Amino acid sequence: MKNYDLMILGPATRDVNIDYTGEEVRLAGGAVTYCTPAARAANPSVFAAVKIAPEDADILDGMGIDREDTVILPSAKTTLMRNEYFTADRERRNCTCAAQSDPIRPEELPADISWKLCHLAGLLYGDFPNELIEELTCRGKVSADAQGFLRHNEDGALRFHDWADKRCYLPCIDFLKTDTAEAEILTGLTDRVEAAKQLFDWGAKEIMISNSAEMLVYDGREVYTCPVKARNLSGRTGRGDTTFGSYLAMRVAGASIPEALLYATACVSLKMETPGIFRGTKEDVEEYIRAFYQ
């Protein structure tokens, strides 16, 4: 049995990204793809369980993690996404889905490893059946990206709907990430602080709400915020996943909320200056903090 601090679980994707100028870039994507290298850079032990078609195994090569610390959970199809951005800040976009991977079943969880925290790095509703969440709560702490429970693939069009089972399963979530729009869908509240408090009252234990200007965390006692200081947004894709992956890595390693939030916001600020996954080191993030956050 091999022990890990953090297991990141979810589908990877083949992405077509089109910026507001019409330039097209094809990349591997998905929450697991962006979370994993950001978490790994903070130096905990990280394992990635990736739901893809076996013929797309080359996706793992770009995730910044040794193959021995990964496993492919076979799927009939790999999720295919198209992201068209309409503005330079990449805040307005249209996403479509040409294919969705199979759900991850409890019996697919690796039997020969253990973990302190499993992160559900989802993309679409259906990635994680309820019985998977129930199994994971028996094996360690659980974190989740709300996107994987709100975004539905409706014949290729992506629509957001409230999570029907939220009141049942939010108490299973030790760390929850949403963005501002997702928090409003879940709670009906436009104020991020009030939305975070509502999610806590419903059972989530530590909530991060991402935003283009700052990241916010609430733990039932204090509200913590940290500003984003990216000098350009050419690497906007993967913002939330990079932030949360690095945040979880710091928290599982014992960092306080303010320490983890500062590190994670600096990490994503640095990452957003270059397209693709985060390819830096913890030392690069610490240098960025000294340069822009002191």
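Author: A crossing of two helices is left-handed if the near helix is turned anticlockwise from the far one by less than a right angle, and right-handed if it is turned clockwise. The model discussed here is a predicted one.

Reader: Is the crossing in which helix 5 passes helix 6 left-handed or right-handed?

Author: The contact between these helices is made by Thr180, Ala183, Leu186 and Thr187 of helix 5 together with Arg192, Ala195, Gln198 and Leu199 of helix 6. By the turn of the near helix from the far one, the crossing of helix 5 past helix 6 is left-handed.

Reader: At what angle do helix 5 and helix 6 pack?

Author: Helix 5 covers residues 180-187 and helix 6 covers residues 192-201, and their axes lie 10 Å apart. The two helices count as oblique to each other, because angles from 65 to 115 degrees would be roughly perpendicular and those under 35 degrees roughly parallel. The packing angle is about 55 degrees.

Reader: Against which helix do the buried residues of helix 9 pack?

Author: In helix 9, which spans residues 282-292, the buried residues are Val285, Tyr288 and Ile289. Seen down the helix axis, these buried residues fall within an arc of 100 degrees, so they line one face of helix 9. The partner against which they pack, at residues 257-271, is helix 8.

Reader: How many disulfides does the structure hold?

Author: A disulfide requires two cysteine sulfur atoms within 2.5 Å, whereas the sulfur of Cys138 is 9.1 Å from the closest cysteine sulfur, that of Cys172, and is therefore too far away for a bond. Cys168 is likewise in no disulfide, with the nearest cysteine sulfur, again in Cys172, 6.7 Å away. The number of disulfides in the structure is 0.

How values were computed:
Residues numbered from 1 in each chain as written. Predicted model: local features only at pLDDT ≥ 70, side-chain atom pairs only at ≥ 80, totals over all residues. Heavy atoms only, no water. Buried < 20%, exposed > 50% of the residue type's maximum accessible area, 1.4 Å probe, protein only. Helix = DSSP H or I, 4+ residues; strand = E, 2+ residues; numbered from the N terminus. Arc of directions from axis to C-beta. Contact = heavy atoms within 4.5 Å. Axes fitted to C-alpha atoms, helices over the stretch in contact; angles between N-to-C directions. Parallel < 35°, antiparallel > 145°, perpendicular 65-115°, else oblique.
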